[in-house]
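Please open the model in a viewer with secondary structure displayed. The tour below proceeds by successive selections.

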Amino acid sequence: MTASGTASLNLYVVRNEVDPDSEYHCDALAARFPTAEEVDFVAGERVPLDDADGVILTGSTAGVYESDAHPWIAEQEAFVRELVEREIPTLGVCFGHQIANTALGGVVEKVGTTAALVEATLADNPLFDGVGPVVVSLHGDAVTERGRDMEIIASADHARVFGTAHETAPLWTVQFHPEITAAHRDQLVEHFEWQEEPFSFEDVTAERIFENFVALAVEATT
């Protein structure tokens with residue numbers, strides 16, 4: 001399922017992956033927004049903010065605390081702050097969730113990898129309309145202290161800050177991966193100690209987040 005209504009918006013998918021062998025999650029996320037322009041932030045590409053109706057920040061195998069090794073991370077934190085200031089609708093996924101929070105003064109720490117289908121507690125937020133509690137968790141870092149003006153909208157047993165939303169700006173973030181589906185199962189099994197039971201990908205409806213984000217972006221820009 002791709003996000004409907006994207007043709008009327010100038011959307012940008014910001015790719016953050018530093019490992020060429022791990023681009024699959026960026027590809028999967030970009031595929032959800034087929035009319036969006038992809039921007040390789042790691043390679044030095046940047047979003048023309050005067051033209052942007054919405055921005056999606058992808059995951060990454062880099063840690064947000066590795067700015068000494070990856071100077072673009074500090075640049076992206078400044079970029080997030082400008083997105084908030086300009087009130088440009090933004091969706092952060094995994095690393096995108098983490099950097100949105102650190103950009104606003106939050107804390108991210110290495111906590112150990114969780115690679116599994118997990119049950120999350122989701123707040124009554126329009127981003128989660130039609131989204132069930134079973135989601136794909138695939139991360140080794142976690143937000144341990146949310147950013148300034150960020151409220152928690154999702155939590156899980158292993159991650160208290162599993163999703164956030166800005167109190168006034170159109171910024172939403174999720175630690176989990178709505179773009180990952182059963183089509184990625186072989187890769188998950190090969191590269192991670194993937195745990196699916198007691199759930200199934202048939203229980204996962206998180207892809208609805210993309211349609212919801214587009215609807216929120218349309219509302220914010222009209």
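**The sheet and its surroundings**

Begin by selecting residues 90-93 and 171-174: these are strands β4 and β9, which pair in the parallel sense over four bridges. Within this predicted model, G92 has T173 of β9 as its bridge partner.

Next, select helix α2, residues 72-86, which packs on the sheet. Helix α2 touches β1, β3, β4, β8 (159-166) and β9, and its direction makes about 145° with that of β3.

Now display the whole sheet. Nine strands form an open sheet with mixed pairing, in the order β2-β1-β3-β4-β9-β8-β7-β5-β6. At the edges are β2 (37-40) and β6, each of which pairs on one side only. From one strand to the next, the twist averages 30°.

Turn then to helix α1. This helix lies across β1 (11-15), β2, β3 (54-57), β4 and β6, and runs at about 175° to β1.

**The largest pocket**

Which residues are the closest to the centre of the largest pocket? The pocket itself holds about 460 Å³ of space. Select S60, T61, L138, H139 and G140: of the 26 lining residues, these are the closest to the centre.

Extend the selection to α1 (24-31), α3 (95-103), β5 (107-122), β6 (134-145) and α4 (185-191), each of which supplies at least two residues of the lining. The largest share, four residues, comes from β6, also an edge strand of the sheet.

Finally, colour the lining by class: seven residues are nonpolar, 14 are polar and five are charged.

Terms used
Residues are numbered from 1 along each chain as its sequence is written. This is a predicted model: local features need pLDDT of at least 70, side-chain atom pairs count only at pLDDT 80 or more; totals for chains, interfaces and linings use all residues. Side-chain values use heavy atoms; hydrogens and water are left out. On a 1 Å grid over the protein atoms alone, a cavity is a set of points where a 1.4 Å probe fits but cannot get out, and a pocket is an open set with protein on both sides within 12 Å along at least five of seven lines; lining residues have an atom within 4 Å of a point. Grid points are joined across faces, edges and corners, and a volume is the space filled by probe spheres set on the points. Ala, Val, Leu, Ile, Met, Phe, Trp, Tyr, Cys and Pro count as nonpolar, Asp, Glu, Lys and Arg as charged, and the others, Gly among them, as polar. Two strands pair if DSSP finds at least two bridges between them. Axes are lines fitted to C-alpha atoms, for helices over the stretch in contact, and angles run from 0 to 180 degrees between N-to-C directions. Contact means heavy atoms within 4.5 Å.
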